[in-house]
Amino acid sequence: QVQLVESGGGLVQPGGSLRLSCAASGRRFSINAMGWYRQAPGKQRELVASITTGRNTNYADSVKGRFTISRDNAKNTVYLQMNSLKPEDTAVYYCHANAYIWADGTYDYWGQGTQVTVSS
């Protein structure tokens, strides 16, 4: 079992920045890909950005050039640096990890979500 704990959400004005963090913990596991998803009211959850163990990244078109995903493999932590934030970035942001549990299998895990609100 893997637990994901997110931090860093909050209220920011348009054009501002926030940095989200997500740390994975548990026993006898290794993390494969990690990523961030978001869900705005009345909308489906969507991928924001993802990163592999080898640090290959993928971004939604709407955040390219503004958001940067990174990870610290030693700390099992993924980050999302969000710059030039827009009101349409307002959503609950969820951390995701695909993890291998030793002698068991590969599973997907989700954080509890952190609110990001962009408003003046």
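I take buried to mean under 20% relative accessible area, and I apply that cut-off below to a model that is predicted.

**Entry 1, Ser21.** I first looked up where Ser21 sits, and found it in strand S3, which covers residues 18–26. Is Ser21 buried or exposed? Its relative accessibility is 18%, so I record Ser21 as buried. I then listed its contacts, leaving out residues up to four places away in sequence, and noted Val5, Glu6 and Ser7, then Trp36, and finally Val78 and Tyr79.

**Entry 2, Asn98.** I went on to Asn98, which belongs to strand S9, residues 91–101. With a relative accessibility of 19%, Asn98 counts as buried because the cut-off is under 20%. Which residues does Asn98 contact, once its neighbours within four places in sequence are left aside? I found Ser30, Ile31, Asn32 and Ala33, together with Thr106, Tyr107 and Asp108. For Asp108 I also noted a polar contact of 3.0 Å between its side chain and that of Asn98. I checked one further pair, Asn98 and Glu46, which lie 52 residues apart along the chain and whose C-alpha atoms are separated by 16 Å.

**Entry 3, the nonpolar core.** I looked up the largest nonpolar core and found that it has 33 residues, with Val2, Trp36, Leu80, Met82 and Tyr93 making the most contacts inside it. The elements that give two or more residues to this core are strands S1 (2–7), S3, S4 (29–39), S5 (46–51), S7, S8, S9 and S11 (114–118). Which strand gives the most to this core? It is S9, with six residues. For Val2 I wrote out the contacts as well, again not counting residues up to four places away in sequence: Val2 touches Ala24, Ser25, Phe29, Ile31, Ala99, Ile101 and Tyr109.

**Entry 4, strands S7 and S8.** I turned last to strand S7, residues 67–72, and asked which residues make up its covered face. They are Phe67, Ile69 and Arg71, whereas Thr68, Ser70 and Asp72 make up the uncovered face. I set beside this the general rule that side chains in a regular strand alternate between the two faces of the sheet. S7 pairs with strand S8, residues 77–82, in the antiparallel sense over six bridges, and Thr68 of the uncovered face stands opposite Gln81 in S8. The two strands form a hairpin with four residues between them, and in that turn I noted Asn76, which has a positive phi of about 50 degrees.

Note on methods
Residues numbered from 1 in each chain as written. Predicted model: local features only at pLDDT ≥ 70, side-chain atom pairs only at ≥ 80, totals over all residues. Heavy atoms only, no water. Buried < 20%, exposed > 50% of the residue type's maximum accessible area, 1.4 Å probe, protein only. Pairing = 2+ DSSP bridges. Contact = heavy atoms within 4.5 Å. Polar contact = N/O pair within 3.5 Å; in protein donor to acceptor, adjacent residues only side chain to side chain. Core = buried A, V, L, I, M, F, W, Y, C linked by side-chain atoms within 4.5 Å.
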